[in-house]
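Good morning, and thank you for making time on the agenda. I should like to take you through one protein model, beginning with its overall make-up and ending with one of its pockets. Please keep the display in view as I speak.

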Amino acid sequence: MDLAPQGLITLQQKANDRRPVGSSQIWTRYGVLLPSQQTRKLKEWVLTDEQQQLVNASGLGHLALTTGFTIDRTLLTSFCERWNNETNTAHFMGFEMAPSLRDVSYILGIPVTGHVVTAEPIGDEAVKRMCLHYLGESPGNGEQLCGLIRLTWLYRNFHQLPENPTINDIAYSTRAYLLYLVGSTLFPDTMRGFVSPRYLPLLGDFRKIREYAWGTAALAHLYRGLSVAVTPNATTQFLGSATLLMAWIYEYLPITQPQQKNQSTLLPRACRWNFGGATRGQRKKVMEWRKVFEQLQFSEVNWNPYKDINPAIVPEYCIAADNICYSRTWLISFNIKEVYVPDRFARQFGREQGRLHGVPMWARRTWSKWKDWRAEYAREIEEFHQLVGCRFTPPAETNINSLPLHESSAGQNDAGCSLNTSHNFSTMVEDLKNDLPVIGRYLEGNLLPSEVSSFLERVGTMIKSYSPPQSSRRKDRVAHGHIGPVKSKNPRKRGKPSLFQDPLSPHRYPGTPVPYQASKCGMVFGGTVPLLNGGEALKEQEAMDPWQISQSHLTMTTSSSSLDSSSPESMKRSREGGDEIQIPRDTDCLRRSGRLCVQLKMFKHRDGVGAEAANPIFL
């Protein structure tokens with residue numbers, strides 16, 4: 001991202017109704033902020049050894065250690081008042097500060113490089129399908145609201161495994177735990193106690209979870225939460241990771257640190273300030289913290305808080321180079337797009353603070369469940385991927401709206417791979433069938449022990465006699481496009497072929513009329529007979545060939561004297577004394593059509609309205 005692009009917010013060019021960038025003017029809140037994150041139940045969620053291995057392999061294991069962080073709401077509120085939502089930095093006396101990507105990787109111990117956290121759009125009606133696909137269960141009507149699901153539903157249904165859990169049970173429970181973890185710590189919603197299931201596709205494969213930039217998405221949500229907090233008449237709920245912000249304040253501002261800290265914990269750094277709700281000394285009021293921040297000097301800031309960290313203990317997925325953390329970019333997470341300007345707080349990277357460059361203007365977008373944010377922010381996502389050198393290709397897209405509601409198809413093994421045992425076994429047997437001739441030619445003429453030869457003979461017999469289950473064969477035929485039309489169990493609901501299909505088609509309807517004879521036939525279409533030239537010869541149309549019938553084989557009498565044959569009087573007369581239409585069956589495939597009878601009844605008498613019921617109809 002260029003340091004001086006077009007449309008910048010500069011120190012000289014500012015609107016009169018906006019707060020000048022870099023000024024010490026702040027907006028004072030009339031209430032203490034309430035963090036939206038709820039992590040209390042995570043402490044009670046006990047994982048088995050297999051589940052813990054999956055969580056550690058996902059790259060979010062350190063995040064689970066930061067739960068239960070005690071938030072100083074007065075300190076949090078006073079710091080938020082220093083935030084400027086146009087530069088995404090906190091303004092103090094003569095300098096600016098802000099959490100960076102490097103801070104996120106050290107404080108939370110999660111990856112900040114990789115693929116952008118975003119996925120396909122989903123609607124409210126797809127929530128049950130998505131939960132059924134990735135969790136094996138779907139929430140009830142009282143467990144979801146506005147496309148969100150309750151955290152208590154996740155805990156109640158998945159915190160305890162059954163007595164003899166299957167691989168699917170372990171995968172579903174672990175995935176529910178990760179959804180609870182990221183939803184309550186990184187991306188808390190405005191509706192406390194709820195989480196969006198839109199993160200489930202990113203948690204589908206446990207081996208690929210660490211290849212997403214979860215730390216970058218968390219920083220984007222934190223910036224958005226700080227910007228919302230300084231908006232007049234905004235909600236008192238703090239959106240974003242309060243744990244990340246509180247730990248960052250403690251790391252850089254020693255004057256705010258509690259009286260005790262855990263010296264033994266080096267990563268994640270948030271654990272140094274996590275005391276599980278224990279008393280940390282006398283807390284100050286909001287007015288006292290405001291006075292501290294107003295008088296904060298440059299020398300009172302710890303500009304290098306991570307000097308005691310041994311690089312050897314930092315996992316590879318948490319390492320972010322300085323050229324990445326110090327580069328301007330966009331922080332993307334679904335609909336959230338926030339600007340990242342580390343050059344405005346260069347001292348946090350051990351650099352000299354130069355001239356403050358302008359910040360590009362952008363619009364903060366609200367969530368829309370029907371918008372594909374991948375296409376909306378395609379350019380910004382591509383810039384971020386080029387910056388971090390992302391070569392990760394997301395897995396194949398899963399159309400959530402097409403997932404079934406009655407069964408789950410996302411069974412996962414302990415590595416996050418799909419469980420489709422029947423299909424895999426059938427494929428293996430087919431491969432062995434193809435390899436048997438090669439093996440036979442290779443072993444031909446060689447002397448083998450009797451046990452080996454008998455074993456190979458039994459294996460060959462079993463493979464040759466194996467036939468896949470009916471369901472597997474049908475799935476294979478569907479996959480290769482060799483499946484016929486689906487027939488309904490109810491014969492009345494079976495679909496009939498179109499009357500305009502090719503007469504030579506093998507699926508031709510058995511009741512198709514006799515072949516077209518141009519010299520003896522007229523045209524019938526839609527229940528009417530268009531009369532041309534005063535009722536003389538009708539115009540022939542080849543397109544209506546199935547509806548043309550030989551006139552020499554047609555003898556009929558009238559059933560009504562009106563055009564409206566559907567009236568009660570006409571139906572009564574036809575039942576009492578009218579003769580039925582006689583259509584001789586010259587061929588076995590010809591049968592009387594109910595639709596044809598209705599159309600013939602709508603023919604008009606030659607004599608007009610006053611004709612008798614017994615008068616014939618002339619074509």
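The protein contains 19 helices and twelve strands. I should say at once that this is a predicted model. Of its 619 residues, 44% are buried. Among contacts with a separation of 6 or more, 75% join residues that lie 24 or more positions apart.

Let me turn to the interior. As a general point, nonpolar side chains in soluble globular proteins tend to be buried together. Here, the largest nonpolar core comprises 106 residues, and Leu154, Trp214 and Leu245 have the most contacts inside it. Helix α8, spanning residues 167–185, contributes ten residues, the largest share of this core. A second core, separate from that one, has 14 residues, including Ile332, Val341, Trp373 and Ile381.

What does Trp214 touch, once residues up to four places away in sequence are set aside? The list is Leu60, Ile110, Pro111, Val117, Leu186, Phe187, Tyr199, Leu202, Leu203 and Ile209.

I move next to an open sheet. Its three strands run in the order β3-β4-β5, with antiparallel pairing. Strands β3 (83–84) and β5 (96–97) are the edges, each pairing on one side only. Between β3 and β4, the latter covering residues 89–91, the antiparallel pairing extends over two bridges. Within this arrangement, Trp83 stands opposite Ala90 of β4. In general terms, the strands of a sheet pair through backbone hydrogen bonds.

Now to the second largest pocket. How much space does it hold? The volume is about 660 Å³. Its lining consists of 31 residues, and those nearest the centre are Asp189, Thr190, Arg198, Asn335 and Trp367. Both β8 (194–195) and α9 (214–229) are among the elements that supply at least two lining residues each. Helix α9 gives the most to this lining, namely four residues.

Finally, a word on the cysteines. How many disulfides does a search of the whole structure find? The search returns zero. Two cysteines illustrate opposite surroundings. Cys146 has a relative accessible area of 59% and is therefore classed as exposed, since that value is over 50%. Cys325 has a relative accessible area of 0%, which is under 20%, so this residue counts as buried.

That concludes my presentation, and I welcome your questions.

Technical notes. Residues are numbered from 1 along each chain as its sequence is written. This is a predicted model: local features need pLDDT of at least 70, side-chain atom pairs count only at pLDDT 80 or more; totals for chains, interfaces and linings use all residues. Side-chain values use heavy atoms; hydrogens and water are left out. A disulfide is a pair of cysteine sulfur atoms within 2.5 Å. Buried means under 20% relative accessible area, exposed over 50%, partly exposed in between (1.4 Å probe, protein chains only). Two strands pair if DSSP finds at least two bridges between them. A nonpolar core is a set of buried Ala, Val, Leu, Ile, Met, Phe, Trp, Tyr and Cys residues joined through side-chain atoms within 4.5 Å. Contact means heavy atoms within 4.5 Å. On a 1 Å grid over the protein atoms alone, a cavity is a set of points where a 1.4 Å probe fits but cannot get out, and a pocket is an open set with protein on both sides within 12 Å along at least five of seven lines; lining residues have an atom within 4 Å of a point. Grid points are joined across faces, edges and corners, and a volume is the space filled by probe spheres set on the points.
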